[in-house]
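Welcome! Please open your viewer, switch to a cartoon drawing, and get ready to select one piece at a time.

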Amino acid sequence: MYKQEEIKPYHEGEKAKQVEAMFDNIAPTYDKLNHRLSWDIDRGWRRKAIKQLEPFKPQVMLDIATGTGDFAILSAQMLKPKRLVGADISEGMMAVGRKKVEQLGLQDTISFEKEDCLALSYPDATFDAVTAAFGIRNFADLDKGLKEMCRVLKPGGHLSIVELTQPVSFPMKQLFHIYSHTVLPVYGRMISKDASAYSYLTKTIEAFPQGERMVSILKQAGFSDASFRRLTFGICTMYFATK
């Protein structure tokens with residue numbers, strides 16, 4: 001069993017409150033930082049992850065840990081579902097997302113709901129597809145979160161995840177370590193004014209399971225099939241699973 005308490009010894013409830021407060025605090029600068037810290041490559045990563053779902057034409061979708069809704073918005077634009085719910089614990093982040101959705105005229109498709117991603121309120125087999133971009137590494141209990149994502153999927157439904165990971169090969173492994181421990185936290189602190197947020201990000205990336213290990217965890221959570229693909233020298237990894 002994999003639990004994010006390996007990063008810090010918080011109980012599940014305490015960890016959720018800490019993460020919620022942190023993301024509420026950095027919400028106004030979150031989008032700008034994400035794009036700048038990844039040199040805008042994160043936009044391409046999102047598109048690739050969504051394209052995994054195109055052959056299946058999902059009509060009812062759930063975006064877990066939706067944050068400010070970038071992944072939900074792009075999914076709505078690319079896949080044209082009838083309904084897409086963005087779920088998150090941070091009201092501050094979703095408030096930013098709601099404004100973007102209104103500006104784009106997508107409010108009839110996309111809604112935002114505050115949810116505990118480890119105990120979703122939705123009935124079994126509600127969604128055709130579940131997505132998650134750069135958020136599940138913040139789960140206090142990854143196993144429980146993935147089981148919930150599987151539970152709310154319809155049989156035959158699909159899960160598409162894109163997540164930051166550590167490169168495994170020289171020299172990117174060494175270069176990423178330097179970048180994530182120096183440039184990322186310093187620049188993140190300058191823009192967001194939050195001393196902990198981007199050092200926390202580095203810790204979650206390092207602690208998060210990746211590659212074959214993550215595929216095994218997905219199957220243990222109830223998915224019948226799972227695969228992964230590393231992007232940009234392993235800085236990011238896409239996962240695709242079927243219930």
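Here is a short tour of this predicted model, from the whole chain to its sheet and two of its helices.

**The whole chain.** Start with everything selected. The chain has 243 residues, and 56% of them count as buried. Its secondary structure comes to 9 helices and 7 strands. Switch on the surface if you like: the accessible area is about 10,800 Å², with 56% of it belonging to carbon and sulfur atoms. Of the contacts between residues at least 6 apart in sequence, 73% join residues at least 24 apart.

**The sheet.** Next, colour the strands. In what order do the 7 strands of the open sheet lie? The order is 3-2-1-4-5-7-6, and the pairing is mixed. Turn the view and you can follow the twist, which averages 15 degrees from one strand to the next.

**The edges.** Select 110-114 for strand 3 and 225-231 for strand 6. Each has a single partner strand, so one side of each is left without a neighbour in the sheet.

**A parallel pair.** Now pick residues 127-133, strand 4, together with residues 153-164, strand 5. These two run parallel and are joined by 6 bridges. To see a bridge pair, select alanine 133; its partner in strand 5 is valine 162.

**Two helices across the sheet.** Add residues 70-79, helix 3, which lies across strands including strand 1 (60-64) and strand 2 (83-88). Helix 3 runs at about 155 degrees to strand 1. Finish with residues 212-220: this is helix 9, lying across strand 5, strand 6 and strand 7 (236-242). Helix 9 runs at about 155 degrees to strand 6.

Methods
Residues numbered from 1 in each chain as written. Predicted model: local features only at pLDDT ≥ 70, side-chain atom pairs only at ≥ 80, totals over all residues. Heavy atoms only, no water. Helix = DSSP H or I, 4+ residues; strand = E, 2+ residues; numbered from the N terminus. Buried < 20%, exposed > 50% of the residue type's maximum accessible area, 1.4 Å probe, protein only. Contact = heavy atoms within 4.5 Å. Areas by Shrake-Rupley, 256 points an atom, 1.4 Å probe, with all protein chains shown as cover. Pairing = 2+ DSSP bridges. Axes fitted to C-alpha atoms, helices over the stretch in contact; angles between N-to-C directions.
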